[in-house]
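Biologist: Got a minute to walk me through this one? I'd like to talk helix packing and cysteines.

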Amino acid sequence: MMRPMPSHAAYTAHDVDDAHRGHPESDLSDYARARGLEPMGNALIGHFGGLNPLWNEYVFNVMRGEVVPGRFGTVQHELDEVELGDDGDPRQGGSYYGRRSNAKPGLRSLIGFKKEPKNEPFAAQAMWLPTTGVKVLVPEAALLPRLMFKSKAHTPEKALVPWAPSFGMATNQWVAPELHDAAAQAVGPTLESLDTTFTRLELKKGALGLRVDGYRDDPADLDRLVAATTAMADALAALAEPWWSPAPFSEPLGAFNVDSHPPGYRTFQTDVYQTAFEEQQQSAASLGFAIEDPAALHAHLPHLRLPGSSMGILAGTLPSGELARLTWQTQSHPGSTAYLRRAAVVAARPDAPPTPIGGTLIEATDMYVVVADGLACCWTRINTIGTLEADDLLPRVQTTFREIGAI
């Protein structure tokens, strides 16, 4: 039997028992199979590394697959981690039910030294609340900056009148007033229609995540959340369309040009990764590849089925003769800014068999691969931390594409 959660609360009175227990009593595997989704249990799906909780222990009843035609996503129960101040009060506003929480800042915090928590589940100075999440890939919106909406009771941001008076939207230096209003108009009416106590919607690096209060298990309710999430994904994809400039894969992306990038777009040349940029230059020289513009990858190929957004591109020819682009994707996980997912893209053979849109794992190379829309994309299952490892990537890419019949 699992022990009760050490610090917990619920967004509604109905969810207090679930909050105390720390996990749902319901099972969603029948729902998953009925909708053609794959039940995964307690698993963090890597496609959503920037939106998922940090630990497997925080997710339950995970399912993945094509949640609606053309959109890969997940539905899952998850614990929402709400930070506590040194006084034990939540840093997030709003009302909480069945709350049992305390903070233990220690004597060192009183003199300005705060002890870092252990790198393990439930070690943070926080409380955990039951929620349900729906996440989908939105590669068409990979060029948009981070957008985050939250129910007004839980954020100090001003209400999104007239589109979503019950919600606020986080502000940052990359979201101009025009984009703020356009994004609110795009998703606000759908958010307002959800009629939930707590709602959080976040777009980050080509993925969209919705989180609402409680462990939802009614099939009609889950269908409603999936429909709302995918509708908002489509609306945000349309919002990003002015940044697109579709072109054939064979057309060069051009040299790095920061002046052509959307606000806040992260790259090796402009971010904190000076060592990664130097490694990219060294890899280009050793492989005989050219450095291209990473933002142009998403502008030219807006429907590209790769998780995350590119921080750096190397373009060149595989030993087998095909034009390939090696790309290092970031998903901006809140736990680290240095995780890089190594990936590659080639033009697929006309007779290459299509794959599920979430990818097929090639065990020999430990890479996922997708064949769709005339392209083959592959990416490593495991991230690297702050290093490119291009020399290792190139042979794995060629083997992966040959294994699936893409080249």
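Modeller: One term up front: buried means under 20% relative accessible area, exposed over 50%, and partly exposed in between, with a 1.4 Å probe and protein chains only. This is a predicted model, where local features need pLDDT of at least 70, side-chain atom pairs count only at pLDDT 80 or more, and totals for chains, interfaces and linings use all residues. Residues are numbered from 1 along each chain as its sequence is written, and side-chain values use heavy atoms, leaving out hydrogens and water.

Biologist: Is cysteine 378 buried or exposed?

Modeller: Cysteine 377 is buried, at a relative accessible area of 3%. Cysteine 378 has a relative accessible area of 0%, so cysteine 378 is buried.

Biologist: How many disulfides does the structure hold?

Modeller: A disulfide here is a pair of cysteine sulfur atoms within 2.5 Å. For cysteine 377 the closest cysteine sulfur is in cysteine 378, 8.0 Å off, which is too far for a bond. The count of disulfides is zero.

Biologist: Are H4 and H5 roughly parallel or roughly antiparallel?

Modeller: H4 spans residues 177-193 and H5 residues 219-240, and they pack at about 165° with axes 10 Å apart. Angles under 35 degrees count as roughly parallel, over 145 as roughly antiparallel, 65 to 115 as roughly perpendicular and the rest as oblique. So the pair is roughly antiparallel.

Biologist: Which residues in H5 does H4 meet?

Modeller: Contact means heavy atoms within 4.5 Å. From H4, residues including Leu179, Ala183 and Leu191 take part. On the H5 side they are Arg224, Ala228, Met232, Ala235, Leu236 and Leu239.

How values were computed:
Axes fitted to C-alpha atoms, helices over the stretch in contact; angles between N-to-C directions. Helix = DSSP H or I, 4+ residues; strand = E, 2+ residues; numbered from the N terminus.
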